[in-house]
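Biologist: I would like a close look at one part of this protein, namely the charged side chains and whatever surrounds them. Could you take me through that part carefully, and then place it in the setting of the whole chain?

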Amino acid sequence: MIGLHDDASLIASNTLREIADFVPGDYEIHHVLIDSSALYQEIHILFSFELEKGLFQSNQQLRELKYDLVNKCGVMYQVFEKEDNKPKIIKVYGDKQLLKEKVWI
């Protein structure tokens, strides 16, 4: 069971680095969900990211990255509350039409 958790965290970390250009150490992963079928392989990553606002100021933000590894598309959201049903879209990756079909945007 521990190995599976480590694998999911490694996949999440690699996805954040390769897709969103995050540097390891700039974020903390809180939750990872991986779902797959014959048509898609999705990863959902809930993580916190520290945004530099000035020389002595920073702002910790909770973000979620939903990414389809097969279709190479996804969305990054800023999450304000855990139960937030309308998070703010930060960035869109790949095919917007497919993302609309997935109801991610």
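Modeller: What follows starts with the chain as a whole, turns to the salt bridges, and ends with the aromatic rings and two further residues.

This is a predicted model, so some words on confidence belong at the start. The mean pLDDT of the protein is 86, and 83% of its residues reach 70 or more. Confidence is lowest in helix 1 (residues 2-20), where the mean is 82, and highest in helix 2, where it is 96. The secondary structure consists of two helices and five strands, and along the sequence these elements follow the pattern α-β-β-β-β-β-α. Of the 105 residues, 31% count as buried. Among the contacts with a separation of 6 or more, 34% are between residues 24 or more positions apart.

Now to the part you asked about. The structure holds three salt bridges, and Lys102 is a good place to begin. Lysine 102 forms a salt bridge with glutamate 42, with the closest N and O atoms 2.5 Å apart. This pair links distant parts of the chain, since glutamate 42 belongs to strand 2 (residues 41-52) while lysine 102 is in the segment after helix 2 (96-101), 60 residues apart. Glutamate 42 counts as buried because its relative accessibility is 10%, which is under the 20% cut-off. Lysine 102 is buried as well, with a relative accessible area of 18%.

The side chain of lysine 102 also meets that of aspartate 68 in a salt bridge, at 3.0 Å from N to O. Because aspartate 68 lies in strand 3 (residues 58-68) and lysine 102 in the segment after helix 2, this pair ties together parts that are 34 residues apart in sequence. Aspartate 68 has a relative accessibility of 0% and therefore counts as buried. Taken together, Glu42, Asp68 and Lys102 are linked in a network of salt bridges.

Aromatic rings also take part in the surroundings of lysine 102. Its charged end sits over the ring of tyrosine 40, 5.0 Å from the centre of that ring. Lysine 102 lies over the face of tryptophan 104 too, at 4.9 Å from the ring centre.

The remaining salt bridge can be set beside this network. The side chains of arginine 17 and glutamate 18 meet at 3.5 Å, N to O. Arginine 17 counts as partly exposed because its relative accessibility is 35%, whereas glutamate 18 is exposed, with a relative accessible area of 54%.

A charged residue without such a partner is lysine 66, whose place is in strand 3. Lysine 66 is buried yet has no salt bridge, and the nearest side chain of opposite charge, that of glutamate 64, is 4.6 Å away. That distance is not within the 4 Å that a salt bridge requires, so the two side chains do not count as one. Leaving aside residues up to four places away in sequence, lysine 66 touches Ile43, His44, Cys73, Gly74, Val75, Tyr77 and Trp104.

The rings also pair with one another, and the count comes to five aromatic pairs. The rings of phenylalanine 22 and tyrosine 27 have their centres 6.1 Å apart and their planes at 85°, so this pair is edge-to-face. Both phenylalanine 22 and tyrosine 27 are buried. Tyrosine 67 and tyrosine 93 likewise form an edge-to-face pair, with 6.4 Å from centre to centre and 75° between the planes. Because tyrosine 67 lies in strand 3 and tyrosine 93 in strand 5 (residues 88-93), the pair ties together parts that are 26 residues apart in sequence. Tyrosine 67 is buried, and so is tyrosine 93. Ring pairs also link Phe22, Tyr27, Phe47 and Phe49 into a cluster.

Finally, glutamine 78 is found in strand 4 (residues 73-79). Glutamine 78 counts as buried because its relative accessibility is 13%. Not counting residues up to four places away in sequence, glutamine 78 touches Gln61, Leu62, Arg63, Pro87, Lys88 and Ile90.

How values were computed:
Residues numbered from 1 in each chain as written. Predicted model: local features only at pLDDT ≥ 70, side-chain atom pairs only at ≥ 80, totals over all residues. Heavy atoms only, no water. Buried < 20%, exposed > 50% of the residue type's maximum accessible area, 1.4 Å probe, protein only. Helix = DSSP H or I, 4+ residues; strand = E, 2+ residues; numbered from the N terminus. Phe/Tyr/Trp six-rings, centres within 6.5 Å; stacked < 30°, edge-to-face > 60°. Lys NZ or Arg CZ within 6 Å of the ring centre and 35° of its normal. Lys, Arg positive; Asp, Glu negative; His and termini not counted. Contact = heavy atoms within 4.5 Å. pLDDT = per-residue confidence, 0-100.
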